[in-house]
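Please find below a short note for colleagues who will work from these coordinates. It is arranged as numbered points.

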Amino acid sequence: MGIAVWLGRLIFAVIWGVMLANIVAPFEGKGFAFFLFLMVLLIALHLLQLLMFATVYKEHIQWRRGDYWQIIFFGVIGWLAIVRAQPARTQAEAEQTNDKS
């Protein structure tokens with residue numbers, strides 16, 4: 001699943017690059033409006049995903065500040081990366097708890 005997450009991030013990076021390029025140097029004709037609409041839709045859907053994931057899984061997953069941004073930029077791919085990182089986070093927290101004892 002690690003390769004799928006990195007491939008998904010790469011694809012989203014290209015998508016964000018195209019949409020930001022549209023803002024910096026607007027595309028000809030109706031392309032500007034179309035890509036602007038797609039960018040607003042992408043942001044709205046990723047914010048909706050963030051709202052759903054954060055409210056449902058807030059008590060079950062260790063959240064970090066960067067996790068919220070990961071979902072905003074990468075959507076479900078970011079969520080998969082967060083879920084994939086949970087065992088390491090749980091182990092690190094357990095080690096910190098044992099060191100304090």
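The points below concern a predicted model and treat helix packing and selected side chains in turn.

1. Packing of α1 and α2. Helix α1 spans residues 2-24 and helix α2 spans residues 31-57. Their axes approach within 9 Å and cross at roughly 130°. Because angles over 145 degrees would be needed for a roughly antiparallel pair and 65 to 115 degrees for a roughly perpendicular one, α1 is classed as oblique to α2. The crossing of these two helices is left-handed.

2. Composition of the α1/α2 contact. From α1, the contact draws on Phe 12, Ile 15, Trp 16, Val 18, Met 19, Asn 22 and Ile 23. These meet a set of α2 residues comprising Gly 31, Phe 32, Phe 35, Leu 36, Leu 38, Met 39, Leu 42, Ile 43 and His 46. By class, 13 of the contacting residues are nonpolar and three are polar, with no charged residues.

3. Helix α3 and its end. Helix α3 covers residues 65-74, and its buried residues are Asp 67, Gln 70, Ile 71, Ile 72 and Phe 74. The elements covering these buried residues include α1, α2 and α4. Gly 75, just after α3, adopts a positive phi of about 65°.

4. Gln 86. This residue belongs to helix α4, which runs over residues 76-100. Is Gln 86 buried or exposed? Its relative accessible area is 11%, and since buried means under 20%, Gln 86 counts as buried. A polar atom of the Gln 86 side chain lies 3.1 Å from the backbone nitrogen of Gln 62. With neighbours within four places in sequence set aside, Gln 86 is in contact with Ile 61 and Gln 62.

5. Arg 89. Helix α4 also contains Arg 89. Arg 89 has a relative accessible area of 9% and is therefore buried. Which backbone atom does the side chain of Arg 89 reach? The partner is the backbone oxygen of Gln 62, at 2.8 Å. Not counting residues up to four places away in sequence, Arg 89 touches Gln 62, Arg 64, Asp 67 and Ile 82. Asp 67, one of these partners, is itself among the buried residues of α3.

6. Gln 62 as a shared partner. The two preceding points converge on Gln 62: its backbone nitrogen is paired with the side chain of Gln 86, and its backbone oxygen with the side chain of Arg 89. An α-helix has 3.6 residues a turn, so residues three or four places apart point the same way. Both Gln 86 and Arg 89 lie in α4.

Notes
Residues are numbered from 1 along each chain as its sequence is written. This is a predicted model: local features need pLDDT of at least 70, side-chain atom pairs count only at pLDDT 80 or more; totals for chains, interfaces and linings use all residues. Side-chain values use heavy atoms; hydrogens and water are left out. Helices (H or I, at least four residues) and strands (E, at least two) are DSSP runs, numbered from the N terminus. Buried means under 20% relative accessible area, exposed over 50%, partly exposed in between (1.4 Å probe, protein chains only). A polar contact is a pair of N or O atoms within 3.5 Å; within protein, one must be able to donate a hydrogen and the other to accept it, and residues adjacent in sequence count only if both atoms are side-chain atoms. Contact means heavy atoms within 4.5 Å. Axes are lines fitted to C-alpha atoms, for helices over the stretch in contact, and angles run from 0 to 180 degrees between N-to-C directions. Angles under 35 degrees count as roughly parallel, over 145 as roughly antiparallel, 65 to 115 as roughly perpendicular and the rest as oblique. A crossing is left-handed if the near helix is turned anticlockwise from the far one by less than a right angle, and right-handed if clockwise. Ala, Val, Leu, Ile, Met, Phe, Trp, Tyr, Cys and Pro count as nonpolar, Asp, Glu, Lys and Arg as charged, and the others, Gly among them, as polar.
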